[in-house]
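Student: I have a structure here that I have never looked at before. Can you walk me through it and tell me how you know what you say?

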Amino acid sequence: MKFSTALSPHVQPVNSVTRVMFEVIVALVPGVIALVWFFGLGVLINVVLAVITALMAESLVLLVRGRPVWVSLKDLSAVVTAVLLAISLPAIAPWWVTVTGILFAIVIAKHLYGGLGYNPFNPAMVGYVFLLVSFPLPMTSWPAVAGLGTMTLNFQDIAQLIFFERIPENADYDALTMATPLDALKTQLSLQKTVLEAQSGAVFGYLAGKGWEWVSLAYLLGGLWLMVRKIINWHIPVGLILGISVISGICYLIDAQLYAPPVFHLFAGATMLGAFFIATDPVTAATTVKGRLIYGMMIGVLVYIIRVWGGYPDAVAFSVLLANLAAPALDYFTKPRVFGHRA
Amino acid sequence: MLNLARFHGGLHLPNNKELSNQAPLRQASIPKKLVYPLMQRQGVTVDPKIQVGERVLRGQVIAYSDHPLATPVHAASSGVIEAIEERLIPHPSGMADLCIVIATDGLDESLVTQGVADFRSQDPASIRTAIKNAGIVGLGGAAFPTSIKLNPGPQRKLDTLLLNGAECEPYITCDDCLMQNQPESVLVGAQILLHSLHIERCIVAIEDHMKRAYARLTQVVAALNDPRIIVVQVPAIYPTGGEKQLIKVVTGKETPSGGIPADIGVLCVNVGTASAVYDAVCNGKPLTERVITVTGRGVKEPQNRYVRIGTPISELIEQCGGYTEHVERLIMGGPMMGFALPDDEIAVVKATNCILAGTAADINTGKQAMPCIRCGDCAKACPVDLLPQQLYWHSRAGNLDKCKEFSLFDCIECGCCEVVCPSHIPLVQYYRSAKSKVIAKAKEAEKAAVAKRRHDMHLERKAKEQAEKAERARLKKEALAKVKQANAEKEGVTQ
Ligand code: SF4
Ligand code: SF4
């Protein structure tokens with residue numbers, strides 16, 4: 001009898017890119033729910049808009065590049081990029097902000113560099129930074145956390161805001177939006193207040209700000225689940241958390257009036273999202289064990305430096321992009337000792 | 001007890017061993033034909049010592065060569081040499097080569113042979129000779145001549161004999177089965193090896209799921225009352241059965257890159273090999289059969305059998321109930337490192353430990369490869385601590401120097417990286433082709449060096465010849481001049 005041949009190994013692969021991406025999306029669900037809870041249904045509109053735009057952009061680029069479309073769409077990497085960017089945007093960002101950001105992320109940051117696996121920078125973060133420097137106003141206008149605003153918005157109001165930038169009657173823009181805890185802290189400190197005085201403000205909750213701390217906890221939960229599922233390794237998140245804790249801890253010890261405690265920096269802003277979902281993007285991170293630890297710590301330290309002394313209140317996106325630059329070098333200098341070779 | 005170490009990476013694979021480790025070990029019947037390739041390994045070929053038409057007996061040497069890495073081939077049953085012709089041989093490339101074909105006569109007449117009553121009376125050299133003459137090679141799959149392994153040279157001091165029973169490839173159970181059924185021959189084989197090597201320690205390593213083999217082995221060790229031998233169970237992590245990995249696990253020592261286990265005092269031998277040594281020394285029996293696992297969901301009655309070397313696989317499968325309708329691929333060896341056979345008329349060789357008939361559900365039928373997402377899972381799984389992704393990158397780019405820098409030749413082609421790769425990249429193929437490119441390049445460089453040397457020598461010779469010619473001419477000229485001068489002087493005198 002004749003048989004067709006193939007080269008070893010002959011066992012079925014145990015994993016697939018689609019599965020990895022799918023599990024990342026699943027792990028984001030608690031975070032998205034928390035965001036919706038505190039910032040309204042605009043979050044969902046952003047996500048849907050982003051995903052549709054991303055899939056269309058991806059298909060179009062693949063067609064132009066003459067690549068098989070379905071195979072790449074199926075890997076879900078574009079969806080992950082879309083969701084990550086969408087949940088980083090203010091929940092009432094105008095639709096064109098989302099669309100432009102996604103187009104920039106998929107077309108420029110991903111495909112101009114060769115597509116999945118070849119892009120040196122995290123596409124979602126490139127998109128985010130592009131938006132932040134181009135359209136600072138809509139990018140920093142977060143809706144007020146539920147319960148803190150002077151008015152509640154229904155779905156229609158939100159849709160009107162997002163698609164027509166139409167503010168509901170008898171409301172003004174300032175009443176709808178609110179400074180984020182990181183913003184608020186920065187402003188207060190610049191007004192010569194102490195951290196403690198600043199934290200007595202309404203936006204600050206138990207850990208790091210009303211709403212925000214719950215969103216962070218939800219991301220943490222999803223991230224831990226990803227670790228249990230072995231989709232991500234512990235090195236980058238732990239490195240990042242360690243980095244931010246150590247530097248913020250030192251500063252806090254030096255002057256608690258001037259520097260917020262570590263727990264604030266861990267649960268404010270996008271720290272948890274960054275630690276478990278953004279810095280862990282395999283394509284753009286370091287790949288060796290030691291390299292990943294350093295990579296994570298580097299991001300943690302950068303986040304703190306930019307938050308405290310830089311010009312932007314949150315800094316995860318910038319820090320990740322800067323660390324992306326260092327990833328190849330980190331890999332090069334942290335090669336493991338090969339079996340049977342002398343140390 | 002022994003403290004076990006562990007190596008980096010490796011995989012827990014679904015092992016499917018229950019398919020074949022339940023049925024009793026049986027003798028396979030004499031096949032109609034026996035087929036023996038003359039090529040034993042790359043660059044080692046044996047010469048036929050028989051004529052077509054000649055009748056041979058079981059145990060008779062039918063092919064042999066003086067090459068140091070060659071081992072004699074013995075007929076596994078009596079019969080008539082039918083042909084010496086080209087046939088497909090078990091080789092990853094699916095190549096054909098010259099084979100001796102015996103038409104068996106069913107009488108199974110043997111040459112009369114005799115072992116030694118007490119191996120302890122033998123000196124190491126004569127034991128080695130007996131092992132060499134019996135045609136014994138490593139039965140774990142590498143088929144390296146055992147007698148050579150037993151003589152590592154005076155500069156290497158051995159202290160440990162390691163019997164490798166850690167059958168880590170999924171599906172394969174032939175060693176497990178042998179240890180369950182013939183623990184005595186394995187352990188006495190170990191004693192013979194200890195005796196011939198003058199060493200005092202033997203570790204028999206088996207995987208921790210081989211409960212029955214463990215019980216039988218420890219029982220026999222106790223009965224033999226030999227404190228030199230201990231049996232240890234090692235965790236079932238693929239590729240624990242790899243020689244260097246197993247040595248690391250049981251001794252904590254790493255075989256240096258490019259070196260052999262003897263460099264760190266260890267001799268590692270497969271349990272089946274030890275059993276063959278026993279048969280050769282104590283019973284005078286050459287290696288003409290071995291235990292082979294016939295398994296997979298593509299064969300009706302998976303089991304282990306004593307099979308005569310040279311048996312065509314088709315006959316073996318028939319004895320195991322034939323194929324199921326779902327059979328998709330025929331693999332010699334395990335699913336991780338074995339190679340797919342194009343045809344079941346190919347015969348088993350000494351290194352054949354398993355014939356795996358896989359169904360589409362069990363085997364990798366080729367998934368679409370996606371771009372590498374640099375997830376690093378491959379590096380996490382690599383038992384050699386390589387960076388498979390970098391190796392892939394550089395081998396794909398044809399950057400051979402970089403491949404060497406990333407230790408390409410330390411890759412044992414275990415396939416762990418490829419199995420875990422979420423992008424389904426055929427990584428091992430890239431490494432194989434990069435390795436062969438490096439080797440081809442080295443050969444070419446060597447050839448070029450030889451040619452250059454030849455050319456240089458030619459030039460030198462030519463220059464030398466020319467110089468000699470010039471010298472001769474000069475001498476001649478001088479001589480002539482002298483004569484002339486003498487003549488002139490003479491004339492001067494006469495004037
Ligand atoms: S496992 Fe595959 S996708 Fe992941 S880094 Fe290795 S080669 Fe790339
Ligand atoms: S095949 Fe080579 S590179 Fe891949 S895991 Fe095995 S040793 Fe490492």
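Student: How many residues surround ligand 2, and which are the closest?

Tutor: Keep in mind that this is a predicted model. There are 14 residues around ligand 2, and the closest are Cys382(B), Cys411(B), Cys414(B), Gly415(B) and Cys417(B). Two helices of chain B, α12 (416–420) and α13 (427–494), each supply at least two residues of that shell. By class, the shell has 12 nonpolar residues, one polar and one charged.

Student: And which residues surround ligand 1?

Tutor: The residues around ligand 1 include Cys372(B), Cys375(B), Cys378(B) and Cys421(B), along with Arg374(B) and Gln389(B). The shell of ligand 1 splits into seven nonpolar, three polar and one charged.

Student: Gln389(B) belongs to which helix, and what makes that helix mostly covered?

Tutor: Gln389(B) is in α10(B), where it is one of the buried residues. Helix α10 spans residues 388–396 of chain B, and seven of its nine residues are buried, hence "mostly covered". Among the buried ones are also Pro388(B), Leu391(B) and Tyr392(B). After α10(B) comes Gly398(B), with a positive phi near 70 degrees.

Student: How many residues of chain A and of chain B are in contact?

Tutor: 41 residues of chain A touch 64 residues of chain B. The area buried between the two chains is about 4,600 Å², with carbon and sulfur atoms giving 56% of it. On the chain A side, Phe3(A), His10(A) and Phe339(A) lose the most area to chain B, together 18% of what that side buries.

Student: What makes the pair of Asp343(B) and Lys2(A) a salt bridge?

Tutor: The cut-off for the nitrogen and the carboxyl oxygen is 4 Å. The closest N and O atoms of Asp343(B) and Lys2(A) are 2.4 Å apart, so the pair passes. Across this interface the rule finds four salt bridges, and 26 residue pairs are in polar contact.

Student: How many salt bridges are there over all chains?

Tutor: The whole structure has 26. In one of them, Arg229(A) meets Glu23(A) at 2.8 Å, N to O. Arg229(A) sits in the loop between α12 (212–228) and α13 (235–254) of chain A, while Glu23(A) is in helix α1 of chain A, so the pair ties together parts that are 206 residues apart in sequence.

Student: Why is Glu23(A) called buried, and why is Arg229(A) called partly exposed?

Tutor: Buried means under 20% relative accessible area, and exposed means over 50%. Glu23(A) has 6%, so it is buried. Arg229(A) has 38%, which lies in between, so it is partly exposed.

Student: What makes Asp108(B) and Arg58(B) a salt bridge?

Tutor: Their closest N and O atoms are 3.6 Å apart, so the pair is within the 4 Å limit. Asp108(B) lies in the loop between β10 (96–104) and α1 (124–133) of chain B, and Arg58(B) in the loop between β6 (55–56) and β7 (61–64), 50 residues apart. Asp108(B), at 22%, counts as partly exposed, whereas Arg58(B), at 16%, counts as buried. Both belong to a network of salt bridges with Glu289(B) and Arg308(B).

Student: Where do Arg474(B) and Glu471(B) lie?

Tutor: Both are in helix α13 of chain B, three residues apart, about one turn of the helix. They form a salt bridge, with the closest N and O atoms 3.0 Å apart. An α-helix has 3.6 residues a turn, so residues three or four places apart point the same way. Arg474(B), at 40%, is partly exposed, and Glu471(B), at 35%, is partly exposed too.

Key. Residues are numbered from 1 along each chain as its sequence is written. Chains are lettered from A and ligands numbered from 1 in the order in which they are written. This is a predicted model: local features need pLDDT of at least 70, side-chain atom pairs count only at pLDDT 80 or more; totals for chains, interfaces and linings use all residues. Side-chain values use heavy atoms; hydrogens and water are left out. A residue is near a molecule or strand if one of its heavy atoms lies within 4 Å of it. Helices (H or I, at least four residues) and strands (E, at least two) are DSSP runs, numbered from the N terminus. Ala, Val, Leu, Ile, Met, Phe, Trp, Tyr, Cys and Pro count as nonpolar, Asp, Glu, Lys and Arg as charged, and the others, Gly among them, as polar. Contact means heavy atoms within 4.5 Å. Buried area is the accessible area (1.4 Å probe) that two parts lose on being put together, summed over both. A salt bridge is a side-chain nitrogen of Lys or Arg within 4 Å of a carboxyl oxygen of Asp or Glu. A polar contact is a pair of N or O atoms within 3.5 Å; within protein, one must be able to donate a hydrogen and the other to accept it, and residues adjacent in sequence count only if both atoms are side-chain atoms. Buried means under 20% relative accessible area, exposed over 50%, partly exposed in between (1.4 Å probe, protein chains only).
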